[in-house]
Structure formats: structure tokens, C-alpha cells
Amino acid sequence: MNQKNSLGLNICFSDMENPIDLFRAWYETAKQSEINDPNAVALATSDNSSVPSVRMVLLKDYSDDGFVFYTNLNSKKSNDIKLNPYASMCFHWKSLLRQIRIVGKIYPVDSEEADEYYNSRAYGSRIGAWASQQSKVLKNRNELIKNIEKFKKKFPDEKKVPRPSYWSGWKLKPEKIEFWLDGENRVHERLEYTNIGKNNWEKNLLSP
């Protein structure tokens with residue numbers, strides 16, 4: 001017999017008042033069960049014409065302040081964010097039959113945080129940040145390869161590759177977080193947290 005929490009949900013939902021604590025528990029479980037990239041998350045943005053765009057990014061940090069990812073600041077996603085800072089994330093862990101949806105406003109990370117993460121990346125990834133004009137049209141693949149070689153010559157010392165001014169991180173500060181568990185006959189279990197201010201959260205069950 002499946003154990004239940006105080007709301008009658010599967011025990012995996014626990015009884016936590018802060019959804020970040022529940023996210024941490026689910027994320028740590030996903031790290032043990034997902035074959036590839038448990039930190040992969042779909043990020044949906046829209047431009048000022050309300051045209052949506054979605055792509056996968058990698059979560060690099062999270063806290064009560066928000067969920068962090070890094071990218072070229074001139075990319076499609078970044079240009080969308082500059083026009084409309086509201087966005088949504090969706091984690092889906094097929095191995096667990098669980099997903100988490102997050103909605104909120106996106107803010108830039110500070111320079112020190114971006115530098116720390118950038119300097120932790122592999123040499124090739126740091127060179128790639130210089131070489132790729134993300135989301136821009138390429139004449140051919142060789143154009144990118146030549147650009148990579150150009151920056152390898154410019155920055156031959158693997159310990160001295162500065163962070164480009166146009167490459168940094170974004171942080172989505174959540175206003176709503178929904179936890180979803182697959183249910184038999186599509187009677188799924190859904191729990192939504194809504195931020196009601198000062199890091200206080202209201203919990204509601206949602207119909208599947």
C-alpha cells in the first residue's frame with residue numbers, strides 16, 4: 001500500500017512548506033535515476049509580440065532566490081528575456097514519472113557568480129563561448145570551426161580565458177511551482193505552490 005502525505009498525495013510529495021526543499025529532494029532522486037542530464041530543463045520564453053519559443057537548457061544552480069542557467073546574452077532566449085522577463089521552466093524525469101513546472105520572472109546573475117561558473121567550465125566550452133555567435137545564421141559549419149581555432153590561438157593558456165562580456169547567466173525567481181506525478185488512468189497527482197510574499201508559499205491540490 002502506497003504511503004500518503006497529509007494531503008493524500010504520494011509520500012514523495014512529503015509535507016514541506018518550502019517548494020525549494022521539495023525540489024531538492026526530487027532533484028537528488030532524479031540524479032540517481034536519469035541516464036543523461038537530470039539537470040536538463042525546458043525553458044519557455046516569448047518576445048514582445050507574445051510569440052513563444054522553447055528549448056532545453058541545463059540548470060547550473062538553484063536556491064530560494066531562483067533557478068540559474070547560462071547562455072550568450074545575444075541569443076534568442078536572452079533577447080526574449082530582455083523584452084519579456086517572464087518565463088517558464090519544465091523538468092521532466094521519465095525514469096520517475098515526475099515533472100516540475102516553474103513560472104516566474106528572470107533576472108541577470110551578478111558578475112562574480114557568472115565569473116565563478118565560467119571559470120569552472122572546460123577549456124573548450126570557454127573557447128566556444130567566444131567563438132559562437134549563438135542563434136545567428138552560419139554560412140557553413142566550417143565558419144564556426146575556423147572561429148574556434150582563431151580563439152584558441154588568441155587564448156592558448158587554458159587558465160587564462162576571460163569571460164566574454166556577452167556571456168553570462170539568468171536566474172528565474174519562481175512565483176509558482178507545480179509538482180506532478182504520473183497516475184494510473186491519467187489520474188495524476190498535482191501540487192502547486194504559489195509565492196504569497198516574503199518567501200511564504202500557499203499550497204493547493206490541482207485536478208489532473
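I began with helix α3 and asked what its buried residues pack against. They pack against β3 (61-63), β4 (66-72), α4 (123-131) and β7. The model I am reading is predicted.

Next I looked up which residues of α3 are buried. The helix covers residues 111-120, and its buried residues are E113, A114, Y117 and Y118. I then looked down the axis of α3. The buried residues fall within an arc of 125 degrees, so they line one face of the helix. I turned to the other side of α3 and found E112, E116, N119 and S120 exposed there.

Then I checked backbone angles. Most residues other than glycine have a negative phi. I noted two residues that go the other way, D37 and R186.

D37 is not a glycine, yet its phi is positive, about 45 degrees. I placed D37 in the loop between α1 (19-33) and β1 (40-46). Is D37 buried or exposed? D37 is partly exposed, because its relative accessible area of 46% lies between the cut-offs of 20% and 50%.

R186 is not a glycine either, and I read a positive phi of about 65 degrees for it. Where is R186 found? R186 sits in the loop between β7 (167-181) and β8 (189-197). Its relative accessible area is 65%. That is over 50%, so I logged R186 as exposed.

One link for my notes: β7 packs against the buried residues of α3, and β7 also precedes the loop that holds R186.

How values were computed. Residues numbered from 1 in each chain as written. Predicted model: local features only at pLDDT ≥ 70, side-chain atom pairs only at ≥ 80, totals over all residues. Heavy atoms only, no water. Helix = DSSP H or I, 4+ residues; strand = E, 2+ residues; numbered from the N terminus. Buried < 20%, exposed > 50% of the residue type's maximum accessible area, 1.4 Å probe, protein only. Arc of directions from axis to C-beta. Contact = heavy atoms within 4.5 Å.
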